[in-house]
Amino acid sequence: MPVIGLTVSGGRLQLNGQRFRNIGLNWGGAITRIFGQVSPTACAYTPGAEQDAFIAYAQSVGARVVRIKATPFYPAQWTVGIQNNKAWNVANATDRALHYAQIDSFLAKLKAANMGAIVCMFFRWPTIPDLVGENCRQWLAPASNTRTYATTITQELVNRYTGGARADLAEAVWGWEFGNETNHVNDYNATPSDNGMWGVNTAYGTQTAAAYNVGGASVLTTGGTYDLSELRTILAWWDGVVSAIDPTRLRMSGNGPNSYWQPAVGGSIIQPLDRWVAQQLRDNPHNSVCIHWYGGLGYSSFNSRGLSACLAASRSAAQSRGQAFVVGEYGNQPRTITSIVVFAGTATVSVSTNWASEVGDVVRVVGAGGLDGDYTITALPGGQNSPATLRAPTGTPNGSAGVGVVQHLASQFQRMTADMAGAQVDLALVWCYESDPFHPPGESLTQACNVFQGPVIRDANQELLRASW
């Protein structure tokens, strides 16, 4: 049988048996809306016209890989969309096929465009325990409802696109992924409610806040001390389920252990660098090591200088064990403006988190009305978490606002993308393309503030086609 999809040979990626390198895209909402839903009793599917627009954009920048969420985000969306308004243990394969048909439709478009998807199965990992009436630590229990249901979904999806009902779409499935940044609760040492998307949402869940947030609500041991073997246990179990059916395609954890800002502050990652790399190897027991990279890391600088060396260390460590190395996310993480005051060509701006930029960087202010434009940071007098002084664009009027975002990548994105190739990373996926009208402001590549990023991705992909490493 021919080799189909992304595979790993000697720690390098191949596509259908041939060497492969690419800057791809993340599109979480390719199948269902992630950020905006009509109500807890609906599962809004992404219109076909939006899928067509995505493929046209991806082709224009040379992106051949898209990382998608194959399943909805919150439990209520699963109940309506995947389970056909039935309980998890009542719904059967026929019920789920209605949802799978939505995936089929998108994969058919990718196949026609000579593109492929990395299929993420459980982007929000607390959703499955919520659906089956358990806490998140039941991911660790082989006989739990959590494992039982997750095994069913995994087997159905992998079988469907290998030798099953839609094996005709196998050429559009290039890899499998467990979830998204599951290790954040591992390394953050906090409860899900303290950690963004894993928090309680009773409107879209099935359990009460009290049941959802008691001692077993996260994959943390009693008292909040994480057993470093536990996440690997979960991922190794899932990897075994997938590889028993499909032993060749790329398999990814979805982890991003370098997502925190500075060492020894709050939810920080560990130093020195060899321990950071060892963490990646520990938590990626697949045929690939997957990390995410965003600005402001203590291992390089607040404007991501030094990224290439960090990635090269990770890639080399993975390759030494025969694993591929994939940057599953990098790119847009705009900062929310809390205050901007412009007077006589000088701006004082506060953002909701650190700047992930340094003096001399150009940042783009978006959504602040007449104050929008490209500003140059001239001073960070109080450090990264305090107001910055910026030189306003010529002609910017005096004024103030407390709305909008700062796109901090205006002078960084090209360098970051070049560093991916400099570190010999076979596959890196930009965050993100998004058509959901409720997506966070400033994040989608198609927004006007990010128009400069498309040509960078296109040029990088042309260079990667000529690469010889």
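In this predicted model, strand 13 (residues 362-366) and strand 14 (residues 373-379) run antiparallel and are joined by four bridges. One pairing within this unit sets Arg364 against Asp374, its bridge partner in strand 14. The two strands form a hairpin with six residues between them, and Gly367 in the turn has a positive phi of about 85 degrees. Strand 14 is also joined to strand 15 (residues 388-391), again in the antiparallel sense, by three bridges. Here Thr376 stands opposite Arg391 of strand 15.

A second element with antiparallel pairing is an open sheet of three strands, in the order 1-2-3. Its edges are strand 1 (6-9) and strand 3 (18-19), each of which pairs on one side only. Strand 2 (residues 12-15) meets strand 3 over two bridges, running antiparallel to it. Leu15 has Gln18 in strand 3 as its bridge partner.

Another sheet is built in the parallel sense: eight strands form an open sheet in the order 8-7-6-5-4-18-10-9. The edge positions belong to strand 8 (250-252) and strand 9, since each pairs on one side only. On average, neighbouring strands of this sheet are turned by 25 degrees against each other, direction ignored. Strands of a sheet pair through backbone hydrogen bonds, either parallel or antiparallel.

Within the eight-stranded sheet, strand 4 (residues 22-26) and strand 5 (residues 65-69) run parallel and are joined by two bridges. Leu25 stands opposite Val66 in strand 5, and Asn26 stands opposite Arg67 in that strand. Two helices pack on this sheet. Helix 11 (residues 413-422) touches strand 4, strand 9, strand 10 (324-331) and strand 18 (427-431), and its direction makes about 175 degrees with that of strand 10. Helix 12 (residues 453-466) touches strand 4 and strand 18, with its direction at about 140 degrees to that of strand 4.

Strand 5 is mostly covered, with five of its five residues buried. In a regular strand the side chains alternate between the two faces of the sheet. In strand 5 both faces are covered: Val65, Arg67 and Lys69 are buried on one side, and Val66 and Ile68 are buried on the other.

From the sheet the account passes to the nonpolar interior. In soluble globular proteins, nonpolar side chains tend to be buried together. The largest nonpolar core has 82 residues, of which Phe54, Leu110, Phe122, Leu311 and Tyr330 touch the most other members. Helix 8 (residues 230-245) gives the most to this core, with seven residues. Leaving aside its neighbours within four places in sequence, Phe54 is in contact with Leu25, Trp27, Val66, Phe106, Leu110, Met115 and Tyr433. Apart from this core lies another, of 18 residues, among them Val363, Val365, Ala368 and Ile377.

Strand 9 (residues 288-293) includes Ser288. Is this residue, Ser288, buried or exposed? Ser288 counts as buried because its relative accessibility is 0%, below the 20% limit for a buried residue. A polar atom of its side chain lies 2.7 Å from the backbone oxygen of Arg251. Not counting residues up to four places away in sequence, Ser288 touches Leu250, Arg251, Met252, Gln323 and Ala324.

The cysteines complete the description. A disulfide is a covalent bond between the sulfur atoms of two cysteines. In this model the count of disulfides comes to zero. Cys290 is in no disulfide, and the nearest cysteine sulfur, that of Cys120, is 9.4 Å away. Cys290 counts as buried because its relative accessibility is 0%. Cys432 likewise counts as buried, at 3% relative accessibility.

Note on methods:
Residues are numbered from 1 along each chain as its sequence is written. This is a predicted model: local features need pLDDT of at least 70, side-chain atom pairs count only at pLDDT 80 or more; totals for chains, interfaces and linings use all residues. Side-chain values use heavy atoms; hydrogens and water are left out. Buried means under 20% relative accessible area, exposed over 50%, partly exposed in between (1.4 Å probe, protein chains only). A polar contact is a pair of N or O atoms within 3.5 Å; within protein, one must be able to donate a hydrogen and the other to accept it, and residues adjacent in sequence count only if both atoms are side-chain atoms. Contact means heavy atoms within 4.5 Å. A nonpolar core is a set of buried Ala, Val, Leu, Ile, Met, Phe, Trp, Tyr and Cys residues joined through side-chain atoms within 4.5 Å. Two strands pair if DSSP finds at least two bridges between them. Axes are lines fitted to C-alpha atoms, for helices over the stretch in contact, and angles run from 0 to 180 degrees between N-to-C directions. A disulfide is a pair of cysteine sulfur atoms within 2.5 Å.
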